[in-house]
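I opened this one to jot down what the side chains and helices are doing. My notes follow in the order I looked things up.

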Amino acid sequence: MSELTSNVTDTALIFEGGGMRASFSSGVLQVLLEAGIHCDWVGGISAGSSCLANYLARDGARAERSFVDFAAEPEFGNWRTWLQGKGVFNAEWIYERTSLPHQALPYPWETFTSNPAQIAIGAMRCEDGEMVYWGRDDINRLPDLMKRVRASSTMPLFMPLTTVDGEVYCDGALGPTGGFAVDAAKADGYEKFVVVMTRTRGYRKPPARFPSGYRRLFRRYPAIAHGVLERPANYNRTLDELFDLEREGRAFLIFPDAMPIKNSERRVPVLRSVFQSGRAKAESELDALREFLGL
């Protein structure tokens, strides 16, 4: 395959996480690809890292299947798989046993490798709470990509922790930005941002309940408890930062008008409705987005 090209080189594209709420993001992503909007830097945390992978593969159909139809797969996960130690979301199967050509969700690896865009997949290191971003230099094979997407998406308690290169990681949403790869984009020199959100514009994350319970649950990894307890403040602070950037004309924020599902939603018709709302939102804002990007 010949080298692909990017037509947006001064703006970072960032996908928020949110579990199955990323069905909205997948609808937005599909419209971006259909419109030929190809950003040269893409960041994703948690479910946003799956969106990143599908966007870099330029595979809108896979994006839709990932967060809609895929939930109906028998191996996707439930409380039975959680009791077996595999997670409510059967993480190893979802991320590491589905992406080959003969498997349930084939991934176009050659397209990913031909895409020039730089990436940042964020996860939190459980031992010390350090936020780690993986880029192109860390990914040489398809399993490298899928293992890191899994690590970024690993929700403690609900999924087994993920080991990468001998270090244990969990959901990057527990890091200092609350789940947005804005810090990584800034570190790479970007000053303009398109952010695909999975909460409504007026959402604010409430304080965590039962802090002592989290500290007991995560005695082995106190950094996880700290991340859970600090996440509301981190998330809301980053929201404030994004709104400031929006007012300055440096951020284009794509919010759902409504978000009727939780991160664990499995009902395919409901997920498809949220996906279609993402498509509709992106189509309604496409002209404004093109103007923001100078396209």
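I started with F158, which sits in the loop between α7 (142-153) and β5 (162-164). The model is predicted, so I only read local features where pLDDT is at least 70. F158 comes out at 39% relative accessibility, so I put it down as partly exposed. Its neighbor in the sequence, L157, is in the α7–β5 loop too, and I logged it as partly exposed because its relative accessibility is 42%. I also checked the backbone there: phi of L157 is near 80 degrees, a positive value in a residue that is not glycine.

Which residues join F158 in a nonpolar patch on the surface? I found W79, W82, L83, L157 and L217 there with F158, and together the patch has about 680 Å² of accessible area. Helix α4 (residues 79-83) gives the largest share of the patch, three residues.

**Another positive phi**

S46 caught my eye next, with a positive phi of about 60 degrees although it is not a glycine. I placed S46 in the loop between β2 (41-45) and α2 (47-56). Buried or exposed, I wondered about S46? S46 is buried, because its relative accessible area is 6%.

**F70**

I then went to the loop between α3 (60-67) and α4, where F70 is found. F70 has 2% relative accessibility, so I counted it as buried. What does F70 touch, leaving out residues up to four places away in sequence? I listed R65, F76, W93, I94, T98, A104 and L105. I also took a distance: the C-alpha atoms of F70 and A233 are separated by 33 Å, with their positions 163 residues apart along the chain.

**Helix α1 and the cores**

Helix α1 (residues 22-34) has 13 residues, and I got 18 Å from its first C-alpha to its last, close to the 18 Å expected. I noted that α1 is mostly covered, with 12 of its 13 residues buried; F24, V28 and L32 are among them. After α1 comes G36, with a positive phi near 70 degrees.

I moved on to the largest nonpolar core, which has 65 residues, and L13, Y55 and L145 have the most contacts inside it. The largest share of this core, seven residues, comes from α1. I looked up the contacts of L13 beyond four places in sequence, and they include L32, W41, Y55 and V196. Apart from this core I found another, of 24 residues, with W41, A185, Y190 and L245 among them.

**Salt bridges**

I searched the whole structure and got 21 salt bridges. In one of them the side chains of R247 and D244 meet at 2.3 Å, N to O. Why are R247 and D244 about one helical turn apart? Because they are three residues apart in helix α10 (residues 222-247). R247 counts as exposed at 64% relative accessibility, while D244 is partly exposed at 36%.

Helix α11 (residues 268-284) holds R279 and E283, four residues apart, and their side chains form a salt bridge of 2.9 Å, N to O. R279 is buried at 14% relative accessible area, whereas E283 is partly exposed at 43%. I also noted E285 with K281, whose closest N and O atoms are 3.3 Å apart. Last item: salt bridges that share partners join E34, R279 and E283 into one network.

How values were computed. Residues are numbered from 1 along each chain as its sequence is written. Side-chain values use heavy atoms; hydrogens and water are left out. Patches are made of residues with over 30% relative accessible area and no salt bridge: like charges are joined within 9 Å, nonpolar side chains (Val, Leu, Ile, Met, Phe, Trp, Tyr) within 5 Å. Accessible areas come from the Shrake-Rupley method with a 1.4 Å probe; for residues, only the protein chains shown count as cover. A salt bridge is a side-chain nitrogen of Lys or Arg within 4 Å of a carboxyl oxygen of Asp or Glu. Helices (H or I, at least four residues) and strands (E, at least two) are DSSP runs, numbered from the N terminus. Buried means under 20% relative accessible area, exposed over 50%, partly exposed in between (1.4 Å probe, protein chains only). The expected span of a helix is 1.5 Å times one less than its number of residues. Contact means heavy atoms within 4.5 Å. A nonpolar core is a set of buried Ala, Val, Leu, Ile, Met, Phe, Trp, Tyr and Cys residues joined through side-chain atoms within 4.5 Å.
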